[in-house]
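Biologist: I have the sequence and the model open side by side. Can you take me through what is in it?
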Amino acid sequence: MWKKEESIMNEILFEEIQGMQGPYRSELRRLLKKLVMPFHRGDRVGIKLHWGERGNKSFLPPDYAREIAQWLQEGGVRPFLFDTTVLYSGGRRKAEDSLQTAVEHGYTESFLGCPVTIADGMGGRCVIDLPAGYRHFAHVQVADIFDQTDGFVIFSHFKGHMEAGFGGAIKNLSMGFASRAQKQRMHADVRPLLMPEKCTKCGTCVEVCPTGAAQFGDDGLPFYDHEVCIGCAQCIGFCPALALKIHWETDAAVFQEKLVETAAAVWRQIEGRSVLINALLNITTECDCWPGENPVIHADRGFMGAYHPVRIDEESIRIVGENTFNQAHPDIPWSRQFSYAGEIGF
Ligand code: SF4
Ligand code: SF4
């Protein structure tokens, strides 16, 4: 559909925010005008984004998605928004809850001017196995959205992440497209580790655990059944006393590699018919999957546009600075995402 010239695949566009207050609609609009649209009139184009977990305060406001939808419509394209269901309990585990959360966060069809959908279907079963052929995954299971969608806008909130160190386009393509089973396969190396001296025995971890793996023992402290645990990290994220940390069942880099493999397999389906936009705004320690407020770790920088997920994340890291994520997540080998992407030819 679109020429995959080396020059355009390496191109990066950046609209910087200069000391203003958001939402930064005009800056996004300026970026969109410069982006080459790889779509044709009448195409059906999916905007992939994360509308935030219920109660989360750092998700991107719907104003930006509306600008993107309008830009597509002005080009004669038919946009729709989509996300997928998640592993953990809360406002996005079931499709109907996730759509309700989208509404609560302002992502309504009437505001955006286009439909809002769940790509893995209302029952979470609208999924497809894609060939991968990498070290960890021969196949990856993701939302079955590729045949009925002509093109994609991968719109990512660039910020920190508890397990990936940072979250941007690679993560949006990977966890963002993955079926719940594939999400589970990627999280399989994560387990909670209790620091008993910090635990207040509040019970939050037991309450939020979606599998029953977190329970109280006879000593009054919680324990986590590794046979039942799916590694969703919800207990770790919710613990108000910061009494839990990640225990990696294998090398911590394996999670990064699995993330990259899933993203690479998805990218093989949509390369040449996609554009990517990273919003370097409200850059918080954690992703938008957690309710509540996360500390901001860097000032707003602007919007980046590009045509390759690894390139846009590399450049976003360069703008925000490696130290931002090293300080926020000192134990996470996030740079493995880039070295591994290079090794597998992504
Ligand atoms: S949420 Fe944290 S503080 Fe509360 S019981 Fe679980 S580990 Fe302990
Ligand atoms: S114990 Fe395991 S399954 Fe339960 S919330 Fe924690 S990481 Fe998720």
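Biologist: Which residue forms a salt bridge with Glu 15, and how far apart are the closest N and O atoms?
Modeller: Lys 34 does, and in this predicted model the closest N and O atoms of that pair are 2.3 Å apart.

Biologist: Where do Lys 34 and Glu 15 lie?
Modeller: Lys 34 is in helix α2 (residues 25-34) and Glu 15 is in strand β1 (residues 12-16), so the salt bridge ties together parts that are 19 residues apart in sequence.

Biologist: Is Glu 15 buried or exposed? And what about Lys 34?
Modeller: Glu 15 has a relative accessibility of 7%, so it counts as buried. Lys 34 is partly exposed, because its relative accessible area is 46%.

Biologist: How many salt bridges does the structure hold?
Modeller: The count is 17. Another of them pairs the side chains of Lys 48 and Asp 83, at 2.9 Å from N to O. That pair links distant parts of the chain, with Lys 48 in strand β2 (residues 44-48) and Asp 83 in strand β3 (residues 78-83), 35 residues apart. Both Lys 48 and Asp 83 are buried.

Biologist: Which residues do salt bridges with shared partners join into one network?
Modeller: Lys 48, Glu 53, Asp 83 and Arg 92.

Biologist: Now the end of the chain. What does Arg 336 pair with?
Modeller: Arg 336 makes a salt bridge with Glu 343, with 2.8 Å between the closest N and O atoms. Arg 336 counts as buried because its relative accessibility is 16%, and the cut-off for buried is under 20%.

Biologist: And Gly 342, buried or exposed?
Modeller: Gly 342 is exposed, because its relative accessible area is 56%. The residue sits in helix α13 (residues 336-343). Its C-alpha is separated by 9.2 Å from that of Val 310, which is 32 residues away along the chain.

Biologist: Different topic: Ser 316. Where is it found?
Modeller: In helix α11 (residues 309-320). Ser 316 has 0% relative accessibility, so it counts as buried.

Biologist: What does the side chain of Ser 316 make a polar contact with?
Modeller: With the side chain of Asn 278, at 3.0 Å. Leaving out residues up to four places away in sequence, Ser 316 touches Phe 158, Asn 278, Leu 280 and Met 304.

Biologist: What about helix α10, how many residues does it have?
Modeller: α10 (residues 252-270) has 19 residues. From first C-alpha to last it reaches 29 Å, close to the 27 Å expected. The helix is mostly covered, with 17 of its 19 residues buried.

Biologist: What is there at the start of α10, and what follows it?
Modeller: At the start, a side-chain oxygen of Asp 251 comes to within 2.9 Å of the backbone nitrogen of Ala 253. The helix is followed by Gly 272, which has a positive phi, near 90 degrees.

Biologist: Last topic, the domains. What does the assignment give?
Modeller: The assignment gives domain 1 (6-184 + 252-343) and domain 2 (190-248). Their C-alpha centres lie 28 Å apart.

Biologist: How many residues of domain 1 are in contact with domain 2?
Modeller: 12 residues of domain 1 are in contact with 13 of domain 2. The two domains bury about 1,100 Å² between them, and 72% of that is on carbon and sulfur atoms.

Biologist: How many salt bridges are found across that interface?
Modeller: Zero. The number of residue pairs in polar contact across the interface, with both at pLDDT 80 or more, is also zero.

Notes:
Residues numbered from 1 in each chain as written. Chains lettered and ligands numbered in written order. Predicted model: local features only at pLDDT ≥ 70, side-chain atom pairs only at ≥ 80, totals over all residues. Heavy atoms only, no water. Helix = DSSP H or I, 4+ residues; strand = E, 2+ residues; numbered from the N terminus. Expected span 1.5 Å × (residues − 1). Buried < 20%, exposed > 50% of the residue type's maximum accessible area, 1.4 Å probe, protein only. Polar contact = N/O pair within 3.5 Å; in protein donor to acceptor, adjacent residues only side chain to side chain. Domains from an automatic or database assignment. Contact = heavy atoms within 4.5 Å. Buried area = accessible area lost by both parts, 1.4 Å probe. Salt bridge = Lys/Arg side-chain N within 4 Å of Asp/Glu carboxyl O.
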